[in-house]
Amino acid sequence: MTRNFIKAREYIVVFAIALAMIITGSFVDLGFSKAVYSYTETNLFGVIMSGLAEAPTYLTMSFAGLLLIISCKELPAFKKVISIILGAAAIAFGAVMTFDTFTNIAKFYRTEDYEKLIIAVGIVFDVLMHGLISLFIFKKCLRKNRDNMRMIAIALLSIIVLELLLATILKFVFSRPRPRYLLEGGIGVEQEFRNWWELQPFRCNELADIKSEVLGGIHVSSSNWKSCPSGHTATAIAMMFILPICALLNDDWKNNNKFRIASIYIGLLWGLLTAISRIYAGAHFLSDVGMGLLVGSLSGLLVQLLLPKILKTE
């Protein structure tokens, strides 16, 4: 059922964009970041996208978790328990991370009255969106084929979890310093710049400790060496897969090729906007967001190729 939600030509488009970013960044990463960097509370595009870029994907985790729970009614007892546990975990993780997107925005306004307001809006948004998700599922999905719902839920969760794992692991493998650390770190810090192929495997914490000693014991976050790949971009580009997969729940949408293509390119546009915002905010170099696009899209491709075969063996 989920075998052909993305066609080869759509993969070619996103892979071409990702590779173009990586290749171009290989020559201009530092200079380009210097030219566009703006990481303050007045940079509303960068601030808002630093939080909300990942929110749709995390809300999808909750959506998929609830689908997984309601689709397990006819499963054997053991599989039913596993489905309920995994579904509940996905809902909890999605809810926590959705709220966390607002705390990422609020941290820019800690000295202003806006912080409490943003946190309150985050709580209301989180509760409201999860309420709407629950209402949609109980109104529209209870009478759907439970096997199809379960496959859709597993496909959604597999893509999101895979891209999160790959992006997190690769950050430690590359241990690449972030642009804003290099550009705000003072005299000589730019010399710490590394191209994406100059790996410093699993040295994030070590490099942070060394820098802390140089600064006389001042705490330096290891996050400053987790630039590549862009996790926000990898998570955001997952929408390119999430939207057409969710459309499979609706008989009219799943048979409408124009809707399928539109949903794919809306997801791609969201991923590209996120990539631009991350460069603008100094969180990543051009090649980092290209890597993020590649990680997210490869996660979708792997799930699309392997999941139907895996489920057939159950």
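Which residue forms a salt bridge with Glu206? In this predicted model, the partner is Arg203, and the closest N and O atoms of the two residues are 3.0 Å apart. Glu206 is partly exposed, with a relative accessible area of 40%. Arg203 also counts as partly exposed, at 27% relative accessibility.

**Salt bridges**

The count of salt bridges comes to 7. Side chains of opposite charge can pair when their charged atoms come close. The table lists three of the pairs, including the one already described.

| Pair | N to O distance |
|---|---|
| Glu10 and Arg9 | 3.5 Å |
| Arg150 and Asp147 | 2.5 Å |
| Glu206 and Arg203 | 3.0 Å |

Glu10 is buried, with a relative accessible area of 1%, whereas its partner Arg9 is partly exposed at 48%. Because 1% is under the 20% limit, Glu10 falls in the buried class. Arg9 and Glu10 are also part of a network of salt bridges that takes in Arg260.

The pair of Arg150 and Asp147 sits within one element: both residues lie in helix α6, which spans residues 146–174. They are 3 residues apart, about one turn of the helix. Arg150 is buried, with a relative accessible area of 16%.

**Packing of α3 against α6**

Helix α6 also packs with helix α3, which covers residues 55–70. Two packed helices are described by the angle between their axes and the distance between the axes. For α3 and α6 the angle is about 145° and the axes are 8 Å apart. The crossing of α3 past α6 is left-handed.

By class, the contact of α3 with α6 has 16 nonpolar, 2 polar and 2 charged residues. On the α3 side the contact residues include Thr57, Tyr58, Thr60, Met61, Phe63 and Leu67. On the α6 side they include Arg146, Met149, Arg150, Ile152, Leu156 and Leu164. Arg150 thus appears twice in this account: in the salt bridge with Asp147 and in the contact with α3.

**Aromatic pairs**

The structure holds 7 aromatic pairs. One of them is formed by Phe63 and Phe136, whose rings are 6.2 Å apart centre to centre, with 40° between the planes, a tilted arrangement. This pair links distant parts of the chain, as Phe63 is in helix α3 and Phe136 in helix α5 (residues 114–140), 73 residues apart. Phe63 is buried, with a relative accessible area of 9%, while Phe136 is partly exposed at 38%.

The rings of Tyr181 and Trp225 also pair, with their centres 4.8 Å apart and their planes at 50°, so this pair is tilted. It too links distant parts of the chain: Tyr181 lies in helix α7 (residues 179–184), and Trp225 in the loop between α8 (204–214) and α9 (231–237), 44 residues apart. Tyr181 counts as buried at 9% relative accessibility, and Trp225 counts as buried at 2%.

Ring pairs also join Tyr11, Phe15 and Phe241 into a cluster.

**Shared residues**

Phe63 connects two of the topics above: the residue is in the contact of α3 with α6, and its ring pairs with that of Phe136 in α5.

Definitions and conventions: Residues numbered from 1 in each chain as written. Predicted model: local features only at pLDDT ≥ 70, side-chain atom pairs only at ≥ 80, totals over all residues. Heavy atoms only, no water. Salt bridge = Lys/Arg side-chain N within 4 Å of Asp/Glu carboxyl O. Buried < 20%, exposed > 50% of the residue type's maximum accessible area, 1.4 Å probe, protein only. Helix = DSSP H or I, 4+ residues; strand = E, 2+ residues; numbered from the N terminus. Axes fitted to C-alpha atoms, helices over the stretch in contact; angles between N-to-C directions. Left-handed = near helix turned anticlockwise from the far one by under 90°. Contact = heavy atoms within 4.5 Å. Nonpolar A, V, L, I, M, F, W, Y, C, P; charged D, E, K, R; others polar. Phe/Tyr/Trp six-rings, centres within 6.5 Å; stacked < 30°, edge-to-face > 60°.
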